[in-house]
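This briefing collects side-chain contacts, accessibility values and backbone details for the structure shown below. Please keep the coordinates open while reading, since the points are grouped by topic rather than by position along the chain.

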Amino acid sequence: MDLLGLGRIFEQHRDELVDAVAADFGIRSRYETILLDLMLGISEIKFARRNLKTWLRPRRVKTDIFGLPGSSRLVPSP
């Protein structure tokens, strides 16, 4: 998934998202929706973009007894 595009969608369609949340929850403050739902989502997207390279980096893990004398690596894939 393109995280940059997802963040852009949150920012470009802010009013439509606020209206949709208001329709689902009934009477809810517009500012509360922006602060709790939209801004929190945008900050999580930014956090994921900053840390994605670290999360996807291969790392060494302990090799169990049956794999010795080899070595083991954990290679995450999206």
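With a relative accessible area of 31%, Asp-37 is partly exposed, because that value falls between the 20% under which a residue is buried and the 50% over which it is exposed. The model is a predicted one, and every distance, angle and area given here is to be read in that light. Asp-37 is a useful place to begin, as this residue forms a salt bridge with Arg-28, and the structure holds two salt bridges.

**Salt bridges and a charge over a ring**

- In the salt bridge between Asp-37 and Arg-28, the closest N and O atoms are 3.2 Å apart, and Arg-28, at 21% relative accessibility, counts as partly exposed.
- Arg-28 also has an aromatic neighbour, for it lies over the face of Phe-25, at 5.0 Å from the ring centre.
- Asp-15 and Arg-30 meet through their side chains in a salt bridge with an N to O distance of 2.4 Å; since Asp-15 lies in helix α2 and Arg-30 in helix α3, the pair ties together parts that are 15 residues apart in sequence.
- Asp-15 is partly exposed, at 45% relative accessibility, and Arg-30 is likewise partly exposed, with a relative accessible area of 34%.

**Helix α2 and the residue after it**

- Helix α2 covers residues 14–25, and its 12 residues, at 1.5 Å a residue, should span 16 Å, which agrees with the 16 Å that separates its end C-alpha atoms.
- Just after α2, the backbone at Gly-26 takes a positive phi of about 85 degrees.
- Leu-17 has its place in helix α2 and is partly exposed, with a relative accessible area of 32%.
- From Leu-17 to Leu-35 the C-alpha to C-alpha distance is 12 Å, with a sequence separation of 18 residues.

**Helix α3 and the nonpolar surface patch**

- Phe-47, Leu-52, Trp-55 and Leu-56 make a nonpolar surface patch of about 360 Å².
- Of these patch residues, Phe-47 is found in helix α3, which runs over residues 30–55, and its relative accessible area of 39% makes it partly exposed.
- Helix α3 also contains Glu-32, a residue that counts as partly exposed at 37% relative accessibility.
- Glu-32 and Val-18 are 14 residues apart in sequence, while their C-alpha atoms are 9.5 Å apart in space.
- As for contacts between aromatic rings, the structure holds one aromatic pair.

**Helix α1 in relation to Phe-47**

- Glu-11 lies in helix α1, residues 3–12, and counts as partly exposed at 44% relative accessibility.
- Between Glu-11 and Phe-47 there is a separation of 36 residues in sequence and of 16 Å in space, taken from C-alpha to C-alpha.

**A cis peptide bond in the loop between strands**

- Leu-68 and Pro-69 are joined by a cis peptide bond, for which omega is about 10 degrees.
- Pro-69 is found in the loop between β1 (59–61) and β2 (72–74).

Technical notes: Residues numbered from 1 in each chain as written. Predicted model: local features only at pLDDT ≥ 70, side-chain atom pairs only at ≥ 80, totals over all residues. Heavy atoms only, no water. Helix = DSSP H or I, 4+ residues; strand = E, 2+ residues; numbered from the N terminus. Expected span 1.5 Å × (residues − 1). Patch = residues over 30% accessible without salt bridge, like charges linked within 9 Å, V, L, I, M, F, W, Y side chains within 5 Å. Areas by Shrake-Rupley, 256 points an atom, 1.4 Å probe, with all protein chains shown as cover. Salt bridge = Lys/Arg side-chain N within 4 Å of Asp/Glu carboxyl O. Buried < 20%, exposed > 50% of the residue type's maximum accessible area, 1.4 Å probe, protein only. Phe/Tyr/Trp six-rings, centres within 6.5 Å; stacked < 30°, edge-to-face > 60°. Lys NZ or Arg CZ within 6 Å of the ring centre and 35° of its normal.
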